[in-house]
Amino acid sequence: MDRRKFVSALGQGSLGAMMGLSAMRAWAQAPGHELPVDCSPPAHGAATHITFNTSVPILPRKSVWDLDGKEVTRLQKAYQAMRDLSVSSPSDPRGWMQQANVHCFNCSGGYDPSNVEIHGGWWFLPWHRCYLHVHERILGSLIQDPTFRLAYWDWDTYPNHAIVPPPFMAQGSLWDSFRGAGPSDTIPVGITDPASMQIVMGTQGTAAFMGGDPSQGLSGAIENSPHGPVHIWTGETSPGESPEPPGCFFPNTPGGQPVDQSQNGCLDMGVLATAAQDPVFFAHHSNIDRLWDVWLKTPGSQGYYKDSAWLNHPFNFYDEKGNWIYITVADVLAQQEQNNLRYTYQQPQASAPLMATRATQVRQPKPKAVKPLVVVSTPRTTRVGTKPHVRSIAVPLAHRTNLKLLAAGGARGYELHIDGLTLPPNESAIVSVFVGAPNATRDTAVGPAFVGTFSVVASGSGHKHPTMRNAVFEVRPETAALLAKQKTLHVTLVPKLINGKEPGKSSLTYKKIYLTQR
Ligand code: C2O
């Protein structure tokens, strides 16, 4: 039985009757079952530029909660058609597994010789926007409905939207058994709640929000969190806890931690190689994409890159006619998003949209240029470990004077950098970062000392390369005010599992931590 059929049988509750529980576990944990061995696309020739369907109307992508019954049915039908195609014609690039594998082969180069990686930097937002567009067009064409639009999962608007959207919890084409989150699970505080979102959405710098160019290895604030932790949470809400939700085959070591996070049944969304095998992936990314637009209009936001290396970069996909096409980044930005892609994001109807705070423009003396303040820099790597990891350094007066100026508001002048963060490809990480709070713990609330969350979603154990990232966090005025009062700079890295518990292990290392002016 192929995996998907097996899984849908499981979703319908008939599997337990067919097979004993331990046999199911053995099957699901058998190496090689969960991850695609080769997720590269069907053979193709040279790509041609996509033809945008500019004659179809510009229509709203709505919150899943704002869909009416008909629209939910349409969404289910479209995914059902895509799943059916995958069964009847597995090599058709428009089928479900082929669609899911598009994400896999653009991730970490584990399966594709072209070695593409669209995570961890400035390709992240535009690539996923393009992917959503072709995916939406394919779904629409499979049900012969050019007015079909994706729906977004607005985990950030209402507290009761921080759950897997109900239509994705119902049996049918939107359901995925390899998902840990159950109907009563809520995304924990610290990820999508207003205080956390306000910090992320208030990030001003282009690289700090969107991620840096490939030479920087810098993942943007939106990718780090909420993006990563929502993936990890959806895959498995309570790592290491038992009993696992029905349908999960989470292999636990005696210590309660996963042996290999990419080789078990509960984690489609929690591993990049399999994330797009859960339909909720596309609702999650539609929200990330919507928030990119929100950020662009937020006062203080420094907007898109102007580099031609970014703007002219092509991404390849199969379109709804089965043609191998390319879309450039510039094709999907600003007015072109609507003109070419034919959607707008409808505000969540039921809730107040996230309002980013207006940056207070205060006239202030210019801060003096000072050398970066290096907290840690060693030729060897430093292990973060599983407990809060604190490093401290005396702050020279010149920095404190500058921080005091910045505390008054105005342009953001300081950033905290953590460079050379490295993880094996089969491990995920979530690390909350604090400054001026040497006693910060996993329970410390979001406040002036919190600068942000760094995260990595496991690529998949078949992916060859370790994940290497740099992280940057802007120092907000309230954070500068806190730091200006302290003669020692304390940087605290707090690793945690998605359920807030201490990780059983962590291979995360880094090379350098420093505070610098921008
Ligand atoms: Cu391509 Cu949400 O990951």
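This report walks through a helix, the nonpolar cores, the cysteines and one loop threonine in a predicted model.

## Helix α4

Let's start with α4, which covers residues 69-88. With 20 residues at 1.5 Å each, the helix should span 28 Å, and its end C-alpha atoms sit 28 Å apart, so the expected and modelled lengths agree. At its start, a side-chain oxygen of aspartate 68 comes to within 3.2 Å of the backbone nitrogen of lysine 70.

Which residues of α4 are buried? They are Glu71, Val72, Leu75, Ala78, Tyr79, Met82, Arg83, Leu85 and Ser86. Look down the axis of α4 and these buried residues fall within an arc of 160 degrees, so they line one face of the helix. That fits with how helices are built: an α-helix has 3.6 residues a turn, so residues three or four places apart point the same way. Over on the other side of α4, Gly69, Lys70, Lys77 and Ser88 are exposed.

## The nonpolar cores

The largest nonpolar core holds 92 residues. Inside this core, the residues with the most contacts are Trp153, Phe209, Met210, Trp292, Trp310, Phe317 and Ile327. Helix α6 (residues 124-142) gives the most to it, with 10 residues.

Phe317 is a handy one to click on. Leaving aside residues up to four places away in sequence, phenylalanine 317 touches Val102, Trp127, Cys130, Tyr131, Val134, Asn323, Trp324, Ile325 and Ile327. There's also a second, separate core of 32 residues, with Leu423, Phe454, Val491 and Leu493 among them.

## Cysteines

How many disulfides turn up in a search of the whole structure? Zero. Take cysteine 107, which is in no disulfide: the nearest cysteine sulfur belongs to cysteine 104 and is 6.5 Å away. A disulfide here needs two cysteine sulfur atoms within 2.5 Å, so a pair at 6.5 Å doesn't count.

Cysteine 107 has a relative accessible area of 1%, so it is buried. Cysteine 130, one of the residues that phenylalanine 317 touches, is buried too, at 0%.

## Threonine 386

Threonine 386 lies in the loop between β7 (373-383) and β8 (389-394). Is threonine 386 buried or exposed? Its relative accessibility is 18%, and the cut-off for buried is under 20%, so it counts as buried.

What does threonine 386 touch, not counting residues up to four places away in sequence? Its contacts are Pro495, Glu502, Pro503, Gly504, Lys505 and Ser506. With glutamate 502 there is a polar contact, side chain to side chain, at 3.2 Å.

Note on methods
Residues are numbered from 1 along each chain as its sequence is written. This is a predicted model: local features need pLDDT of at least 70, side-chain atom pairs count only at pLDDT 80 or more; totals for chains, interfaces and linings use all residues. Side-chain values use heavy atoms; hydrogens and water are left out. Helices (H or I, at least four residues) and strands (E, at least two) are DSSP runs, numbered from the N terminus. Buried means under 20% relative accessible area, exposed over 50%, partly exposed in between (1.4 Å probe, protein chains only). A polar contact is a pair of N or O atoms within 3.5 Å; within protein, one must be able to donate a hydrogen and the other to accept it, and residues adjacent in sequence count only if both atoms are side-chain atoms. Contact means heavy atoms within 4.5 Å. The expected span of a helix is 1.5 Å times one less than its number of residues. The arc is that of the directions from the helix axis to the C-beta atoms. A nonpolar core is a set of buried Ala, Val, Leu, Ile, Met, Phe, Trp, Tyr and Cys residues joined through side-chain atoms within 4.5 Å.
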